[in-house]
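Hello,

Here is the structure I said I would hand over. Please have it open while you read; my notes follow below.

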Amino acid sequence: MLLKLADSSYRPSCIQVSKGAKTYRSARGDVEALAALDLDVAEGEFVSVVGPSGCGKSTLMRCVAGLAPLTSGGIFLNGAPVKGPVRNVGIVFQRDLLLDWRTVIDNVLLPAEFAKQRTPAVELRAMKLLEKVGLMAVADRYPWELSGGMRQRVAICRALVMDPPVLLMDEPFGALDALTRDELNAELQTIWMESRKTVLFITHGISEAAYLSDRVVVMSSKPGRILETVEVDIPRPRPLAVRDSADFAKATGRIRQVLARSGAIRG
Amino acid sequence: MSMGVLTSLWNRLLSSRVLIVSTLVGLVLWQAAVRTLNVPKFLVPAPTDVLQEFLSNQAWYWNHAYYTLSATLLGFAIAVVFGVILAIVIISSRWVEQTIYAGLVAFNSIPKVAIAPLFIIWVGTGFASKVTMAAVISIFAIVINAVLGLRSLDPDLVDLARSMGAGREGLLIKIQFPNALPGLFSGMKVGISLALIGTIVGEFVASSSGLGYVIMTAQSTFATPRIFAALVLLALMGTILFFVIDVLERLILPWHVSNRQEAAGHA
């Protein structure tokens with residue numbers, strides 16, 4: 001344990017939120033979405049944020065991506081302050097947002113086109129990513145010919161195609177059935193272990209968060225605050241069956257406990 | 001792909017057998033009614049009278065039909081080009097939207113037939129006035145549908161594109177415009193029929209050519225079979241023009257929801 005602390009202490013911070021507060025102003029009064037929140041995600045770390053619906057976890061992700069400004073406080077990506085949309089992050093939303101008129105491979109290459117870098121090297125990387133998630137054969141198909149799980153895999157490939165150091169995922173598997181979700185959880189772990197990207201993963205799935213993460217940040221709602229950070233100290237690669245182990249139950253139990261105490265879960 | 005479209009057209013022709021049979025039955029009943037009731041030719045001619053009239057002046061009819069068709073197509077093409085440009089201008093700024101768009105709506109509420117004489121004064125009694133009427137009448141449907149299509153953009157998709165570094169122009173070309181194509185096509189389907197109406201209105205007001213002119217001159221001499229022959233040609237022309245747009249839509253938008261079923265059968 002001591003060794004692990006020492007080991008992680010020299011990992012530089014990648015995503016840094018300091019006293020981040022966000023208030024939405026509306027006709028019916030101000031809504032405090034985030035209240036002076038501090039969060040530090042180290043380089044190469046996989047951190048999940050769980051919390052009840054409307055706790056501001058999606059707002060947090062949008063602020064980190066520079067898609068929404070904070071009301072006060074600051075966000076730093078690799079030391080640089082976030083002021084507008086950040087280019088070197090990959091984003092995956094709950095809806096895959098694939099473009100219907102583009103084939104799978106052309107969807108994956110969309111970020112490359114916007115960056116004016118659709119080179120043979122990038123195209124090769126796109127094909128390799130599709131191969132990794134088992135979608136090489138459907139590269140020339142259109143999104144509507146694919147299942148929900150396949151579509152979300154394409155969205156992940158699209159987020160990764162420019163090889164960004166940071167991956168932001170907002171309930172990416174929330175709309176999938178339980179089995180497909182398991183499958184994609186395992187695939188995401190594999191991808192993450194190979195690339196060691198810094199991942200901020202928003203979810204309301206406690207089990208999913210514990211399975212994937214190094215640390216799980218538990219948030220409360222109205223205003224969004226961090227209640228507790230739960231370390232998941234289970235060696236990787238984690239088989240899906242790890243979810244039946246005592247260590248895993250301890251982590252998820254703790255998360256549930258914190259949520260229950262805050263009133264997010266009753267009973 | 002084109003094979004698939006041809007096959008689907010063939011299937012649709014087969015499924016229109018009911019239509020063909022009922023049309024034939026209707027023609028036979030019409031013929032029988034006119035003959036047994038001894039209806040004078042100048043009131044309602046029998047189908048055979050109409051056919052005879054057409055066959056005896058075939059080249060003359062084709063010439064006038066060609067005149068009407070070219071004015072319609074040219075006017076329609078102008079309406080599409082300017083309609084799309086106008087739509088892009090309209091969505092580009094709130095100020096322009098409030099002025100141009102409001103002006104367009106006001107303009108559209110004037111019955112276009114009423115302003116036809118004005119165009120005769122401005123562009124003369126020749127071909128140009130028919131083209132102008134066709135364009136003026138059909139442009140509104142195209143602008144409205146293009147504006148709706150360009151506006152119906154998923155806000156998450158805009159965020160995603162922004163995080164990919166998309167500028168306004170890139171967003172327009174790669175996402176907004178393709179996204180608006182289905183709307184544009186429904187506008188074009190309405191527009192092509194309107195363009196034909198515009199041309200005929202132009203020919204009614206002042207002309208020495210075209211099917212509208214044929215109808216006007218025939219009316220003054222009670223040459224009713226001639227009116228019917230021109231009407232049949234107009235009906236055929238309108239149907240074929242609509243059909244052509246429909247086929248174009250299937251070819252250009254194989255990914256769109258309305259075209260998927262059939263395309264999937266040939267995938």
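Start with helix H2 of chain A, residues 57-64. H2(A) lies across four strands of chain A: S3 (46-50), S7 (166-170), S8 (198-203) and S9. Against S8(A), the helix runs at about 150°. Please keep in mind that this is a predicted model.

Now the sheet itself. In what order do the six strands of the open sheet in chain A come? The order is S6-S7-S8-S3-S9-S10. Pairing in this sheet is mixed. At the edges sit strand S6 (89-92) and strand S10 (225-231) of chain A, each paired on one side only. From one strand to the next, the twist averages 15°.

Take a look at the S10(A) end. Strand S9 of chain A covers residues 215-220, and six bridges join S9(A) to S10(A). The two strands run antiparallel. One pair to find on screen: A:Ser220 has A:Arg225 in S10(A) as its bridge partner.

Next, the domains. The assignment for chain A gives two of them. Domain 1 has two segments, 11-88 and 165-267, while domain 2 spans 96-164. Their C-alpha centres lie 25 Å apart. Across the boundary, 13 residues of domain 1 of chain A are in contact with seven residues of domain 2 of chain A. Which elements of chain A give two or more residues to the domain 1 side? They are S7 and helix H7 (178-195). The largest share comes from H7(A), with five residues. By class, this domain 1 side divides into nine nonpolar, two polar and two charged residues.

Last, the contact between chains. Here 21 residues of chain A are in contact with 18 residues of chain B. On the side of chain A that touches chain B, the elements giving two or more residues are S6 and helix H4 (110-114) of chain A. H4(A) gives the most, with four residues. How many polar residues are on this side of chain A? There are no polar residues, but 16 nonpolar and five charged ones.

One strand is worth a second look. S6(A) is an edge strand of the sheet, and S6(A) also gives two or more residues to the side of chain A that touches chain B. S7(A) turns up repeatedly as well. H2(A) lies across S7(A), and S7(A) gives two or more residues to the side of domain 1 that touches domain 2 in chain A.

Over to you.

Best wishes

Note on methods
Residues numbered from 1 in each chain as written. Chains lettered and ligands numbered in written order. Predicted model: local features only at pLDDT ≥ 70, side-chain atom pairs only at ≥ 80, totals over all residues. Pairing = 2+ DSSP bridges. Axes fitted to C-alpha atoms, helices over the stretch in contact; angles between N-to-C directions. Contact = placed C-beta atoms within 7 Å. Nonpolar A, V, L, I, M, F, W, Y, C, P; charged D, E, K, R; others polar. Domains from an automatic or database assignment.
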